[in-house]
Amino acid sequence: MSERRIGKVISVDSFRVIVQLDSNVKSLYKSGFNDIYEIARINSYIIIPIGSDRIIAIITRVKIQDETELEKSSGSITLPKAERYLVATMLGTIEVKDGKTEYIQGVYNFPILDNPVWYIIKDDLEQIFDTAQGKPIDYSKDYFLPIGISPSFPEYEIKINPDRLFAKHSAILGNTGSGKSCTVATLLQSLFKYK
């Protein structure tokens, strides 16, 4: 899987990682075996492998930082070297249990420094957005309402479980005009649209 590598973790806290992109990553796209993948776009995802599990993180910031190096022995200053960084919030984990993969919300196994970081591929997105076909839904246990389309990945529907959503605290945050009221209206309309 080293061909999927785009960088390494250089900082970890309880919900966020900072990733230093590899020097050979020169663009926002990487050519993979089956497709061309976006690797450094806001609201896109990255994968942080931890053993057989994979942490999913959403990119919230992309930055470049010039670092000037000072050689102590000669006292000379070299030209600035630009390093590129991603800041990403950890969302969930794709874990392997009994040979089956499943996406779960939350992170229980955190990455370490220098942990490799991969770009996300279609198989990972299908786990996150739960697009498995033919899987029977037990409505007494689990029910998901479609509430919209992912802006970053328009081919995937966003679904919620109303029992889980309304059983816990939740917040809808955003700037003026960003769609908070429309989001609440969509949630409520979706509830009454399906029996």
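**Exercise 1. Is Arg 5 buried, partly exposed or exposed?**

Solution. The model is a predicted one. Step one: the relative accessibility of Arg 5 is 28%. Step two: buried means under 20% and exposed means over 50%, with partly exposed in between. Step three: Arg 5 therefore counts as partly exposed, at 28%.

**Exercise 2. Describe the make-up of the protein chain.** 

Solution. Start with the secondary structure: the protein chain has three helices and 11 strands. Next, read the order from the N terminus, which is β-β-β-β-β-β-β-β-β-α-β-β-α-α. Then turn to burial: 32% of the 195 residues count as buried. The area that the protein chain exposes is about 13000 Å², and carbon and sulfur atoms supply 54% of it. Last, take the contacts with a separation of 6 or more: residues 24 or more positions apart account for 56% of them.

**Exercise 3. Which residue does Asp 22 meet in a salt bridge, and where do the two partners lie?**

Solution. Side chains of opposite charge can pair when their charged atoms come close. Here the side chain of Asp 22 meets that of Arg 5, at 3.0 Å from N to O. Asp 22 is in the loop between β2 (16-21) and β3 (29-31), while Arg 5 belongs to strand β1 (residues 5-12). The two are 17 residues apart, and the pair links distant parts of the chain. Asp 22 has 19% relative accessibility, which is under the 20% limit, so Asp 22 counts as buried.

**Exercise 4. How many salt bridges does the structure hold, and which residues are linked in a network?**

Solution. The count is six salt bridges. The network links Arg 4, Arg 54 and Asp 124. Within this group, the side chains of Asp 124 and Arg 54 meet at 3.3 Å, N to O. Asp 124 lies in helix α1 (residues 122-128) and Arg 54 in strand β6 (residues 53-67), so this salt bridge ties together parts that are 70 residues apart in sequence. Asp 124 and Arg 54 are both buried. Arg 4 has a further partner to note: its charged end sits over the ring of Tyr 119, 6.0 Å from the ring centre.

A salt bridge outside this group can be added. Glu 95 pairs with Lys 97, and their closest N and O atoms are 3.3 Å apart. Glu 95 counts as buried, at 7% relative accessibility.

**Exercise 5. Which residues are linked into a cluster by ring pairs?**

Solution. A pair of aromatic rings is described by the distance of the centres and the angle of the planes. The whole structure has two aromatic pairs.

- Tyr 45 and Phe 129 are edge-to-face, with 6.4 Å centre to centre and 65 degrees between the planes. Tyr 45 lies in strand β5 (residues 45-50) and Phe 129 in the loop between α1 and β10 (145-149), so the pair ties together parts that are 84 residues apart in sequence. Tyr 45 counts as buried at 11% relative accessibility, and Phe 129 does at 7%.
- Phe 129 and Tyr 156 are stacked, with 5.0 Å centre to centre and 15 degrees between the planes. Tyr 156 lies in the loop between β10 and β11 (157-160), so its pair with Phe 129 ties together parts that are 27 residues apart in sequence. Phe 129 and Tyr 156 are both buried.

Phe 129 takes part in each pair, and the cluster is made up of Tyr 45, Phe 129 and Tyr 156.

**Exercise 6. How do β1 and β5 each run relative to β9, parallel or antiparallel?**

Solution. Take β1 and strand β9 (residues 116-119): three bridges join them, and they run antiparallel. One bridge partner in β9 is Val 117, which pairs with Gly 7. Now take β5 and β9: two bridges join them, again antiparallel. Here Ile 46 has Tyr 119 of β9 as its bridge partner.

**Exercise 7. Place Leu 91 in the structure and list its contacts.**

Solution. Leu 91 is in strand β7 (residues 81-97). Its relative accessible area is 30%, so Leu 91 is partly exposed. Leaving aside neighbours within four places in sequence, the contacts of Leu 91 include Tyr 45, Ile 56, Ala 57, Ile 58 and Gly 106. For Gly 106, the C-alpha to C-alpha distance from Leu 91 is 5.6 Å, with the two residues 15 apart in sequence.

Technical notes:
Residues are numbered from 1 along each chain as its sequence is written. This is a predicted model: local features need pLDDT of at least 70, side-chain atom pairs count only at pLDDT 80 or more; totals for chains, interfaces and linings use all residues. Side-chain values use heavy atoms; hydrogens and water are left out. Helices (H or I, at least four residues) and strands (E, at least two) are DSSP runs, numbered from the N terminus. Buried means under 20% relative accessible area, exposed over 50%, partly exposed in between (1.4 Å probe, protein chains only). Contact means heavy atoms within 4.5 Å. Accessible areas come from the Shrake-Rupley method with a 1.4 Å probe; for residues, only the protein chains shown count as cover. A salt bridge is a side-chain nitrogen of Lys or Arg within 4 Å of a carboxyl oxygen of Asp or Glu. Rings of Phe, Tyr and Trp (its six-membered ring) pair if their centres lie within 6.5 Å; planes under 30 degrees apart count as stacked, over 60 as edge-to-face and the rest as tilted. A charge sits over a ring if NZ of Lys or CZ of Arg is within 6 Å of the ring centre and within 35 degrees of the ring normal. Two strands pair if DSSP finds at least two bridges between them.
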